[in-house]
Amino acid sequence: MATQTNLQYDRRYSLTIGDYSTGNGLLITSEDTDHPLQITFEVNKTSDTKHKAGNSTTIEIYNLTPVQAKLLESQYISFEFRVGYNNEDGLSLIAQGNVTEATTVKRGTDTITQIKVGEGYVALDHTRISQNLSPGQTVEDVIRVIVAAMPGISRGPIVGTNLSNPIVHGWRLSGTAKEELDKITKAYNLEYSISNNTLIMTDLNQPTSKTVLNVPVISSETGMIDKPFRITEQIRLGKKDKRTRPGIQVKALLNPAFTVSSVVKIESDDINGYFRINSLRYNGEFRGQPWYSELRCSEMTDADITIT
């Protein structure tokens, strides 16, 4: 495992925008030259994008050439961002989607191009579905039809107690993929998120897997920054379940193994246990500050997970 010092100072990145293999895109990496381009980034993900904007990334690239900047003018061009450290783990994908906005400004002697990215943006907001599902088909059948209509989106963990429920009166799909996902998940108390072009879906405040055998551990030895703390935000479990659970916020060095709706184990002096990631923020820059993860989580009970 990389030491904490390596995690802070020996960073690597790879940024692919558009179709680099055909010449209609960019491949920018920290290995490009003796003086790699400076970048800053912020990646925001949440476990439930129902009736909200989807997961997003903002990245700034310093001193692109005019030809490189021109390539970013293509509408909704594809985007992949990978990061890692100089160790055996290599680079890991932490953001993937479509460029929704690109602007270039002059700041001192630097030319800075800011890119805003929506994860699954084209598939969610520009894919329209029109189909009737007959009575007797299930909630999961509806979700399967929606996913099949979304170009470039794969099916990740989809778990929930209501997925096998029959649609008694049938189900009419007539809208964008996002509108239809919002509708079905609201009706059956589900959460959904698209992360790295993969659809994740769970029951409200439930993890993608009950097994916690190999979940990431956040501790002072693995890169925890300061101590985790309780937050005033409470996690509502649903319309018919008025219980709340305490929220936890924790900051650590960037770890691509963190994913929304999954479980982490926190080990600290005051707070210990298993927690579900409800939202996640990655941020940092290639030169300068370390790369960080900021997690907002809810506590898991014995009924939520299986400890073996």
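**Reading buried faces, cores and loops**

User: Which are the buried residues of helix 5?

Analyst: In helix 5, residues 177-187, the buried residues are Ala-177, Lys-178, Glu-180, Leu-181, Asp-182, Ile-184 and Thr-185. Keep in mind that this is a predicted model. The general idea is that an α-helix has 3.6 residues a turn, so residues three or four places apart point the same way. In this helix, Ala-177, Glu-180, Leu-181 and Ile-184 are among the buried residues, and charged names such as Lys-178 and Asp-182 are on the list as well.

User: What do the buried residues of helix 5 pack against?

Analyst: Their partners include two helices, helix 3 (121-125) and helix 4 (139-148). Strand 8 (128-133), strand 10 (171-176), strand 11 (190-195) and strand 12 (198-203) are partners too. Just past the end of helix 5, Asn-189 has a positive phi of about 55°.

User: How do I read a nonpolar core, and which residues of the largest one touch the most other members?

Analyst: In soluble globular proteins, nonpolar side chains tend to be buried together. Here the largest nonpolar core has 42 residues, and those touching the most other members are Ile-17, Phe-41, Phe-79, Phe-81, Ile-218 and Leu-295. A second core lies apart from that one and has 26 residues, including Ile-143, Ile-184, Leu-190 and Ile-194. Ile-184 also belongs to the buried residues of helix 5.

User: With neighbours within four places in sequence left aside, what is Ile-17 in contact with?

Analyst: The contacts of Ile-17 include Leu-26, Ile-61, Leu-72, Ile-77, Phe-79, Val-99 and Ile-115. Asn-24, Gly-25 and Ser-78 are also on its contact list.

User: Next, a loop residue. Is Asn-197 buried or exposed?

Analyst: A loop position does not settle the matter, so look at the relative accessible area, where under 20% counts as buried. Asn-197 sits in the loop between strand 11 and strand 12, and its relative accessible area is 17%, so Asn-197 is buried. With sequence neighbours up to four places away left out, Asn-197 is in contact with Gln-96, Gly-97, Glu-119, Gly-120, Gly-152, Ile-153 and Ser-154. Asn-197 also has a positive phi, near 60°, and is not a glycine.

User: Where is Asn-63, and what is its phi?

Analyst: Asn-63 is in the loop between strand 4 and helix 2 (66-71). Its phi is positive, about 65°, although Asn-63 is not a glycine. With 36% relative accessibility, Asn-63 counts as partly exposed, whereas Asn-197 is buried.

User: How should I read strand 3, strand 4 and the loop between them?

Analyst: Take one residue from each. Thr-40 lies in strand 3 and counts as buried because its relative accessibility is 19%. Beyond four places in sequence, Thr-40 touches Thr-58, Ile-59, Glu-60, Tyr-62, Gly-284 and Glu-285. Ala-53 is in the loop between strand 3 (39-46) and strand 4 (56-62) and counts as exposed, at 66% relative accessibility. Ser-56 is in strand 4 and is partly exposed at 30%. Outside its own four-place neighbourhood, Ser-56 is in contact with Glu-42, Val-43, Asn-44 and Val-117.

User: How far apart in space are Ala-53 and Ala-102?

Analyst: Separation along the chain and separation in space are read independently. Ala-53 and Ala-102 are 49 residues apart in sequence, and their C-alpha atoms are 18 Å apart. Ser-56 and Tyr-121 are 65 residues apart along the chain, and their C-alpha atoms are separated by 9.2 Å. For the chain as a whole, 65% of the contacts between residues at least 6 apart in sequence join residues at least 24 apart.

User: How many helices and strands are there in the chain, and why is the chain called compact?

Analyst: The chain has five helices and 18 strands. Its radius of gyration is 21 Å, close to the 19 Å that the globule rule gives for 308 residues, so the chain is as compact as a globular protein of that length. Along the principal axes, the C-alpha atoms fill a box of roughly 65 × 50 × 35 Å. Of the 308 residues, 50% are buried.

User: What does the chain expose?

Analyst: It exposes about 14800 Å², of which carbon and sulfur atoms supply 48%. As for charge, the chain has 32 positive and 35 negative charges, and their mean positions are 7 Å apart.

Methods
Residues numbered from 1 in each chain as written. Predicted model: local features only at pLDDT ≥ 70, side-chain atom pairs only at ≥ 80, totals over all residues. Heavy atoms only, no water. Core = buried A, V, L, I, M, F, W, Y, C linked by side-chain atoms within 4.5 Å. Buried < 20%, exposed > 50% of the residue type's maximum accessible area, 1.4 Å probe, protein only. Contact = heavy atoms within 4.5 Å. Helix = DSSP H or I, 4+ residues; strand = E, 2+ residues; numbered from the N terminus. Rg over C-alpha atoms; globule rule 2.2 N^0.38 Å. Areas by Shrake-Rupley, 256 points an atom, 1.4 Å probe, with all protein chains shown as cover. Lys, Arg positive; Asp, Glu negative; His and termini not counted. Charge placed at Lys NZ, Arg CZ, Asp CG, Glu CD.
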